[in-house]
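I set out to examine three loop positions and to record their surroundings and backbone geometry. My entries follow the structure below.

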Amino acid sequence: MRRLRIGIFLSFVVMLTACASDVNSPEDTELSQLEDYVFEPDRDDNTADSSETAQAEDKAEDMTDAAQPNETSEDLTETSQPDELAKDSTESAENNESDEPDTIYFKPSNTYQDILDNAYEVIIHRGADFVEADEIFSSIGIWESGLGRNTEEALAGIGYTFYDVDGNGIEELIIMDTDEDSDIWDNRILTMYSLLDGKPVLVIDGWARNRYYLLNDGTFYNEGSGGAAYTIFATYRMAADGVNIEVIDYYFSDYRDDSFKEYWLAEGNWGWFHNTTGVHKKDESEWMEFENEDVPWEMMENYIAQVKQLDLTFFETMRP
């Protein structure tokens, strides 16, 4: 299975006036209705990718809107002296100067510790530009997971563990998000790595639109959606090579006849397809005749109920 790769680079420009005021911190930015951030399938790929460009533009627009400077109600009077204005402007600029760097350079991913160090930087510097050192480390899921939290909450809610998923003697590094109040968002895999010749290899790249979970039997459950009519859920296992996953069952919803599209089950035209190859293609999949429309959703709930609970070390422990 092809591993999903996404890189995002965002920068924020904050305007300072003569009496500049504080700007809203990206740490306080709320990810509105995170449940709507769902997976957009790629019809021509065997792994169900989402659009990198669309996600980057959406995230950039959200964060830019949140970073507009506050208006000041204090007006300069004609009696203000030039020296006093210059002093006030200097003090205001110093007060607004951020200690956070504008650019973060990731370490080359030579060890699991390099992965963890890079992940920590993503959590505490979510407003910075990130420069990739290689194509191994993935930051999108980690970055996205921290959007609705401040730094301390993100450090306390995102954790990692070393766990031998397939029993081959090599422990995978799994970075996960936790949310005890939500079955969907709790214990989802943000990124997972294994080792090949002693070097980390990206195995799973997860985010809100493309959620992965480790199940009790050692398989993986994948769930996402591109809208009310387009949902996917699938199961995978570790491949024999130990650095890839392979599909077990792949279900997706779509219109049976694209020439006639109405909402949901209009005249039986909307429904579910299934295959065991992982391709998102109707002509290579079986049209499923479920006994009622609730069956697929019940199947998804049943998979979520089987998510394995792992003991995590949270990134707050990496605080200096």
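**Loop positions**

I began with N187, which I located in the loop between β4 (172-177) and β5 (188-196). I noted that the model is predicted. I then looked up the accessibility of N187: its relative accessible area is 5%, and because the cut-off for buried is under 20%, I entered N187 as buried. For the backbone, I recorded a phi of N187 near 60°, a positive value in a residue other than glycine. I kept in mind that most residues other than glycine have a negative phi.

I turned next to D197, in the loop between β5 and β6 (199-205). D197 is not a glycine, yet I read a positive phi of about 55° for it. Is D197 buried or exposed? I found a relative accessible area of 79% for D197, and since exposed means over 50%, I entered D197 as exposed.

My last entries concern T219, which I placed in the loop between β7 (211-214) and β8 (220-227). I found a relative accessibility of 14% for T219, so I counted T219 as buried. Which residues does T219 touch, leaving aside those up to four places away in sequence? I listed Y213, L214, Y236 and I248 as its contacts. I also noted a polar contact at 2.6 Å between the side chains of T219 and D217. Finally, I checked T219 against V165, which lies 54 residues apart from it along the chain, and recorded a separation of 8.3 Å between the C-alpha atoms of T219 and V165.

Technical notes: Residues are numbered from 1 along each chain as its sequence is written. This is a predicted model: local features need pLDDT of at least 70, side-chain atom pairs count only at pLDDT 80 or more; totals for chains, interfaces and linings use all residues. Side-chain values use heavy atoms; hydrogens and water are left out. Helices (H or I, at least four residues) and strands (E, at least two) are DSSP runs, numbered from the N terminus. Buried means under 20% relative accessible area, exposed over 50%, partly exposed in between (1.4 Å probe, protein chains only). Contact means heavy atoms within 4.5 Å. A polar contact is a pair of N or O atoms within 3.5 Å; within protein, one must be able to donate a hydrogen and the other to accept it, and residues adjacent in sequence count only if both atoms are side-chain atoms.
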